[in-house]
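Got the model open in your viewer? Let's walk through it one selection at a time.

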Amino acid sequence: MIGVVESVSALRFLLDCGVDEVIGEEPTDWSALSPRPRAQAAVASPDPVRPPDAASGPKPAPRQNVPPPARPADPVPLGAVEAGQSARMAASAAKTLDELKEALAAFDGCALKKTATNLVFGTGHRSARIMLVGEAPGENEDRQGLPFVGPAGQLLDRMLGAIGLDRHADDPAKAVYITNMLPWRPPGNRSPTDSEIAACLPFMVRHIELLAPDFLIFAGGISAKAMLNRTEGITRLRGRWFDYGSADLKKTVAAMPMLHPAYLLRSPDAKREAWKDLLALKLRLDGVH
Ligand code: URA
């Protein structure tokens, strides 16, 4: 029998580990469920760079004959394969950004939805020349339902302002549309898992197709690696231009990874690199390169 003191210290330990959400009334014995196949590893793709194939998924592995649990606390989240298939179908059916937002809100293939307070879709001019894709909402974003509204977002606004850009601008040439790779906050701001990223990827592919910007900026390694289908870290990818494409995008989009503003808050010395990248973007916008 566990006493109150032990229970309190166990809860404190979990809080210290970043566990700050309860997702079910009763525990689920995950080991009793059928093992799910892992998400397909990203494959090299021809130029222009495309995210891992958003049109076909890996074949489901045969299920093992394990009896289901008597009564799971909540519906069992979709496995990686089912989630990918369901995401691709829902995303490709969306013909407008509003339909895409509705499709995301109805999507049950990413367990982050259960613990998040709000869906964080995107903000800014829908004809903006620039689309910036961050990682995932944090606490402030989750509460307000808007991307980049916390300290990292304030730094991002100052960075964009330094080259004459503004997320609130009415002029598409100066406007930046801002969104995140994942629309739901990972509990305790932990890094998203590969399968969470894979489940949400078809929605980001479609988000870019529907917005069709001239320039894409990937803030941080999560969006840069997933959308450019690369394995290098952000310090190797930042400042380089890539040609981004996808099946239903009618043009090739110039894409550049940048250091994430939250990283710059922790490592102010790296702002030099970020400034170089911003200047490179400014030159492109001005048609100099
Ligand atoms: N970090 C992100 O990547 N996105 C946000 O919206 C906030 C912080």
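Start by selecting Ala152, Gly153, Leu155, Leu156, Met159 and Leu160: these are the buried residues of helix 6. Look down the axis and you'll find that they cover an arc of only 160 degrees, so they sit on the same side of the helix. Now turn to the other side of helix 6, where Pro151 and Arg158 are exposed. One thing to keep in mind as you click around: this is a predicted model.

What covers the buried residues of helix 6? Show strand 2, strand 3, strand 6, helix 10 and helix 11, which are among the elements that do so. While you're here, try a distance between the end C-alpha atoms of helix 6: they are 17 Å apart, which agrees with the 16 Å that twelve residues should span at 1.5 Å a residue. Step just past the end of helix 6 and pick glycine 164, which takes a positive phi of about 80 degrees.

Next stop, helix 11. Select residues 271-285; these 15 residues should span 21 Å at 1.5 Å a residue, and the end C-alpha atoms are indeed 21 Å apart. Colour Ala274, Asp277, Leu278, Leu281 and Leu285, which are buried in helix 11. Seen down the helix axis, these buried residues fall within an arc of 100 degrees, so they line one face of helix 11. Which elements do they pack against? Bring up strand 2 (130-134), helix 6, strand 4 (215-219), strand 6 (253-258) and helix 10. Just after helix 11 comes glycine 287, with a positive phi of about 75 degrees.

Now for the open space. Go to the second largest pocket, which holds about 630 Å³. Of its 28 lining residues, Glu135, Ala136, His260, Ala262 and Arg266 are the closest to the centre, so to find the spot, select those five. Then add helix 5 (139-144), helix 6 (151-162), helix 8 (221-228), helix 9 (234-237) and helix 10 (261-266), each of which supplies at least two residues of the lining. Helix 10 gives the most, with four residues. Colour the lining of this pocket by class and you get 13 nonpolar, ten polar and five charged residues.

Stay with helix 9 for a moment and click threonine 235, which is found there. Is threonine 235 buried or exposed? It counts as exposed, at 58% relative accessibility. Now pick methionine 258 as well: the two are 23 residues apart in sequence, and their C-alpha atoms are 8.5 Å apart in space.

From the pocket, move on to enclosed space. The structure holds one cavity of 30 Å³ or more, and the largest cavity has a volume of about 70 Å³. Select Leu104, Asn180, Pro183, Met204 and His207, which lie nearest its centre among the 13 lining residues. Helix 3 (97-106), strand 3 (176-180) and helix 7 (194-211) each give two or more residues to this lining, with helix 7 giving the most, at four. By class, the cavity lining has ten nonpolar, three polar and no charged residues.

Finally, zoom out to the whole chain. Its secondary structure comes to eleven helices and six strands. Colour by accessibility, and 41% of the 289 residues count as buried. If you draw the contacts with a separation of 6 or more, 74% of them are between residues 24 or more positions apart.

Definitions and conventions
Residues are numbered from 1 along each chain as its sequence is written. This is a predicted model: local features need pLDDT of at least 70, side-chain atom pairs count only at pLDDT 80 or more; totals for chains, interfaces and linings use all residues. Side-chain values use heavy atoms; hydrogens and water are left out. On a 1 Å grid over the protein atoms alone, a cavity is a set of points where a 1.4 Å probe fits but cannot get out, and a pocket is an open set with protein on both sides within 12 Å along at least five of seven lines; lining residues have an atom within 4 Å of a point. Grid points are joined across faces, edges and corners, and a volume is the space filled by probe spheres set on the points. Ala, Val, Leu, Ile, Met, Phe, Trp, Tyr, Cys and Pro count as nonpolar, Asp, Glu, Lys and Arg as charged, and the others, Gly among them, as polar. The expected span of a helix is 1.5 Å times one less than its number of residues. Buried means under 20% relative accessible area, exposed over 50%, partly exposed in between (1.4 Å probe, protein chains only). The arc is that of the directions from the helix axis to the C-beta atoms. Contact means heavy atoms within 4.5 Å.
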